[in-house]
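Here's a quick tour of one protein model, going from a single strand out to the whole fold. Have the viewer open as you read.

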Amino acid sequence: MASQSRHCHWQVYTGADGSFTLFEDDGETLDYKKPGGAAVRKTNFTWSDSSKTLSWTAAGTPSSGIAYKTLEAVFFAAGAAAPSRSASTTIGEKGSVKMP
């Protein structure tokens with residue numbers, strides 16, 4: 001399957017540190033569970049509330065060849081009149097965006 005570019009949007013609700021892991025596989029099978037199965041890209045995201053920074057590290061390539069290439073973060077802060085947005089950012093092996 002040919003490589004395709006995908007864009008993702010993350011909503012970050014400020015007020016505490018947080019983290020999550022995004023797993024990208026072929027999106028069709030459970031082959032990633034089999035020994036030696038489909039390749040997976042794993043991206044670990046971490047929000048630091050004190051520095052107002054969303055950081056990530058990524059490793060691997062999904063077997064489909066389709067992976068998120070760019071992201072935009074939308075930040076929701078208590079008491080803010082409206083959310084703020086980061087610029088569109090390339091997701092490489094590692095990176096970060098700060099809350100504007």
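## Starting at E72

Let's begin in strand β5, where E72 sits. This is a predicted model, so keep that in mind throughout. Is E72 buried or exposed? Its relative accessibility is 15%, and since the cut-off for buried is under 20%, E72 counts as buried.

What does the E72 side chain pair up with? The partner is H9, whose side chain is joined to that of E72 by a polar contact of 3.4 Å. Leaving aside residues up to four places away in sequence, E72 touches two stretches of chain: H7, C8, H9 and W10, plus R85, S86 and A87.

## Y68, also on β5

Strand β5 also holds Y68. Its side chain makes a polar contact of 2.8 Å with the side chain of R6. Not counting residues up to four places away in sequence, Y68 touches R6, H7, C8, L22, E24, R41 and I91. H7 and C8 turn up among the contacts of E72 too.

For a feel of how the chain runs on from here, try Y68 and A78: they are ten residues apart along the chain, and their C-alpha atoms are separated by 29 Å.

## Over to β1: V12

V12 belongs to strand β1. With a relative accessible area of 7%, V12 is buried. Beyond residues up to four places away in sequence, V12 touches W47, L54, V74, F75 and F76.

W47 is a nice one to pick out in the viewer. It lies 35 residues from V12 along the chain, yet the C-alpha atoms of the two are separated by 8.0 Å.

## The nonpolar core

Which residues touch the most other members of the largest nonpolar core? Those are F45, L54 and L71, in a core of 14 residues. Two or more residues come from each of β1 (4-13), β3 (41-48), β4 (53-59) and β5 (66-76). The largest share is that of β5, with four residues.

F45 is worth a click. Setting aside residues up to four places away in sequence, F45 touches W10, G18, S19, F20, L22, L54, S55, W56 and L71. That list includes L54 and L71, which are named alongside F45 for touching the most other core members.

## A backbone detail at K52

Where is K52? Look in the loop between β3 and β4. Phi of K52 is near 55°, a positive value in a residue other than glycine. K52 is partly exposed, with a relative accessible area of 30%.

## Zooming out

Now for the whole protein. There are zero helices and eight strands, so reading from the N terminus the elements simply go β-β-β-β-β-β-β-β. The C-alpha trace spans about 45 × 25 × 20 Å along its principal axes. Of the 100 residues, 32% are buried.

How much of the contact map joins residues at least 24 apart? Among contacts between residues at least 6 apart in sequence, the share is 55%. On the outside, the protein exposes about 6,100 Å², with carbon and sulfur atoms supplying 53% of that area. As for charge, there are 10 positive and 9 negative side chains. The centres of the two sets lie 4 Å apart.

Note on methods:
Residues are numbered from 1 along each chain as its sequence is written. This is a predicted model: local features need pLDDT of at least 70, side-chain atom pairs count only at pLDDT 80 or more; totals for chains, interfaces and linings use all residues. Side-chain values use heavy atoms; hydrogens and water are left out. Buried means under 20% relative accessible area, exposed over 50%, partly exposed in between (1.4 Å probe, protein chains only). Contact means heavy atoms within 4.5 Å. Accessible areas come from the Shrake-Rupley method with a 1.4 Å probe; for residues, only the protein chains shown count as cover. Lys and Arg count as positive and Asp and Glu as negative; His and the chain ends are not counted. The place of a charge is taken as NZ of Lys, CZ of Arg, CG of Asp or CD of Glu. A nonpolar core is a set of buried Ala, Val, Leu, Ile, Met, Phe, Trp, Tyr and Cys residues joined through side-chain atoms within 4.5 Å. A polar contact is a pair of N or O atoms within 3.5 Å; within protein, one must be able to donate a hydrogen and the other to accept it, and residues adjacent in sequence count only if both atoms are side-chain atoms.
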